[in-house]
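Q: I have a structure open here and would like to go through it piece by piece. Could we look at it together?

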Amino acid sequence: MLVVQNVNTYIGQKRIITDASFKINPGNIIGLIGPNGAGKTTLMKTILGLTKFNGQILLNQTTVTENQHAALDKVGTLIEHPAIYPFLTGQQNLELYAHDPDDCQSLISKLNMNTYIHDKAKGYSLGMKQKLGIAIALLNKPQLVILDEPMNGLDVEATIIVRRLIHQYAAKGTAFLISSHILSELQKVMNQVILINHGHIIINQPIAEFEQLHHQVYKLHTNNSQLTVDLLKNHHIHYTLDGGIFQVNPKNIFEIQDILSSQHVYLKELTPISSSFEQIVVQLLNQQRGGDHYDD
Amino acid sequence: MAFSFYQEFYKLCHRKLAWIAPLTLLILMILTDLSIGYNESKLLMATCYNAPDWIMLILVVVGATTFSMEFQNNAILTLLYKSPSKALVYLSKYIVILIYNLWLHLIAMLFTFGLHETSLNQSVSWSTLYRYQQPLWENMLKTSAIDVLTTTFIISLIFLLSCLINSNSIVISVSLLMVFMGQFISDNLLNSEKFTQILRWNPFNMTNLTRQYYNYATYFDTSHLLNQQLLLGTLSYTLLFVIVGYLIFRKKRF
């Protein structure tokens, strides 16, 4: 449905996104994650034809450019802040974009906005505005929905409702591209992950594959920590060190054992440990920042 | 395209300012009638009780907030990506304000008929000959039509400024300065009597178009342009400001 191919985005002369390529199929829920300034919002804006870019963006085989938005007719979005006019009521804000009054009413009910939907939006709290912004993004049965930090300001109940709605829409074929710093929340909805840093996409995998590949690290304890540090550094093997206990990548464990034994350093412990999604992301970002180097 | 127009009309119709403006216009027209109506009945009828100046004031405020409300309410991104092109966003806003401008002029004419009927001052017949040996009703129609062109020129300038400056208060202030001080700036430029042949084509001079039409003798000495030349200048600057405004809007990063 959406094909992003070798896209480079520029702000002024500065390149913000470098050679981004990925696909989104109907029903996909893609989590777009990365640190502040990584280029998440810029990438979203690029897909919406709001930035200067080269490369190719195709939505349903139709090209999207900075001045060609016809293909975006079936795209809903909430980027940066909800697009809400304070002098209109919530209902009027929805009517402004809605093609079908029934769809509008259904979203008001699903998002529990009935009690305040006829009040002027200037009196809304952050959470109320956020829900209205999400409702606007979901109007008109979109094929693709782009949400930038959708859970901002939402209470627990609203978060659950939004999560449920995302699943319902995805089941009907709507694809989602969602960025969020609340990884635990994102983890509950996404089925594919794109990790971006410094404008480069460093991971683009189905979530199951991602967890399988990156979920485990190994705990390593040796009889000579200092020599182990030297050996790992000399062999450019990535590790973290905390109180004499190393954490190493599973792909390196056989190599590490060979290196250590050749120098008569003996293992006291080498056991797999699970990492949370957050830890994996931090680890991957650290690896990318320092190449295959070290964090101690 | 139809949906873009619908959205712009929807927003304009739901802004309090758009509905308070005609009421303000009526109050200002009544005040004008009360203050100078006793000896300037014909002039007031021909100029819709000085409506051109009041409409200009209203359009500066409404026009300046047309773009800035999008920037300040974070709605510009949604507006842009939902629209097939940036040109359409710009054009639909421009056309909706033009229609509002026409509507204000029509209302001003209706108010004029009403005020004429209820005026405390001496009643003058609409068929009385006045400027250009034409009846008063024709003077009023033509002055209003000419003023639509002057205000369209001002709207184009406001749109250009709105694309350069995001803050509506600054756009309103700068626009008001240009509209109401522009004439004095132009006067001063032309009073130096150097390069008059070139300087008389300065854009500030075009704000004199309506005033010169209903008071040629006084304003020709100020503008140094014939009515037709002022009209041509106004239309040319309108086109120029629309194009430059759009190009700035097109290049603007949001």
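Q: Let me start with a detail: which residue of β8(A) does A:I30 stand opposite?
A: In this model, which is a predicted one, A:I30 stands opposite A:L177 in β8(A). The two strands involved are β3(A) and β8(A), with residues 175-179 forming β8(A), and they run parallel with four bridges joining them.

Q: OK, and what is on the other side of that, I mean how many bridges join β3 to β9(A)?
A: Strand β3, which covers residues 29-33 of chain A, is joined to β9(A) by four bridges, and these two strands run parallel. Within this pair, A:I33 is the residue that stands opposite A:L195 of β9(A).

Q: Which strands make up that whole sheet, and in what order?
A: The sheet is an open one of six strands in chain A, in the order β6-β7-β8-β3-β9-β10, and its pairing is mixed. At its edges are β6 (75-78) and β10 of chain A, each of which pairs on one side only. On average, neighbouring strands of this sheet are turned by 15° against each other, if direction is ignored.

Q: What holds strands together in a sheet, in general?
A: Strands of a sheet pair through backbone hydrogen bonds, and they can do so either parallel or antiparallel.

Q: Then which way do β9(A) and β10(A) run, parallel or antiparallel?
A: β9(A) and β10(A) run antiparallel, and six bridges join them. One facing pair there is A:V193 with A:Q205 in β10(A). These strands form a hairpin with two residues between them, where A:H198 takes a positive phi near 50°.

Q: How many residues of β9(A) are buried?
A: Five of the six residues of β9(A) are buried, so the strand is mostly covered, where buried means that 20 or more other C-beta atoms lie within 10 Å of a residue's own. For chain A as a whole, buried residues make up 36% of its 296 residues.

Q: Does a helix go with this sheet, and if so, which strands does α4 of chain A lie across?
A: Helix α4, made of residues 126-138 of chain A, lies across β6 and β7 (144-148) of chain A, and its direction is at about 165° to that of β6(A).

Q: Switching topic: what is the order of the strands in the four-stranded sheet?
A: That sheet of chain A is open as well, with its four strands in the order β2-β1-β4-β5 and antiparallel pairing. The edge strands, each pairing on one side only, are β2 (14-24) and β5 (62-63) of chain A. Inside this sheet, β1 (residues 2-11) and β4 (residues 52-59) of chain A pair in the antiparallel sense over seven bridges, and A:L2 stands opposite A:L59 in β4(A).

Q: And which strands does α1 of chain A lie across?
A: Helix α1 (residues 40-47) of chain A lies across β1, β2 and β4 of chain A, and runs at about 65° to β2(A).

Q: Zooming out, into which domains is chain A divided?
A: Chain A is divided into domain 1, covering 2-211, and domain 2, covering 215-295. The C-alpha centres of these two domains of chain A lie 38 Å apart.

Q: How many residues of each domain are in contact?
A: Nine residues of domain 1 of chain A are in contact with seven residues of domain 2 of chain A. On the domain 1 side, α6 (183-189), β9 (192-197) and β10 (200-206) of chain A each supply at least two residues. By class, that side has six nonpolar residues, two polar and one charged.

Q: What about chain B, how many residues does it bring to the contact with chain A?
A: Chain B brings 19 residues to the contact and chain A brings 20. On the chain B side, α5(B) gives the most, with four residues. That side of chain B has seven nonpolar, seven polar and five charged residues.

Q: Last thing: where in chain A does pLDDT stay under 50?
A: In chain A, pLDDT stays under 50 over residues 291-296. Where pLDDT is low, the predicted coordinates should not be read in detail. The mean pLDDT of chain A is 90, and 96% of its residues reach 70 or more.

Key: Residues are numbered from 1 along each chain as its sequence is written. Chains are lettered from A and ligands numbered from 1 in the order in which they are written. This is a predicted model: local features need pLDDT of at least 70, side-chain atom pairs count only at pLDDT 80 or more; totals for chains, interfaces and linings use all residues. pLDDT is the predictor's confidence in each residue, from 0 to 100. Two residues are in contact if their C-beta atoms, placed from the backbone, lie within 7 Å. A residue is buried if 20 or more other C-beta atoms lie within 10 Å of its own, exposed if 12 or fewer, and partly exposed in between; C-beta atoms are placed from the backbone. Ala, Val, Leu, Ile, Met, Phe, Trp, Tyr, Cys and Pro count as nonpolar, Asp, Glu, Lys and Arg as charged, and the others, Gly among them, as polar. Domain bounds come from an automatic or database domain assignment. Two strands pair if DSSP finds at least two bridges between them. Axes are lines fitted to C-alpha atoms, for helices over the stretch in contact, and angles run from 0 to 180 degrees between N-to-C directions.
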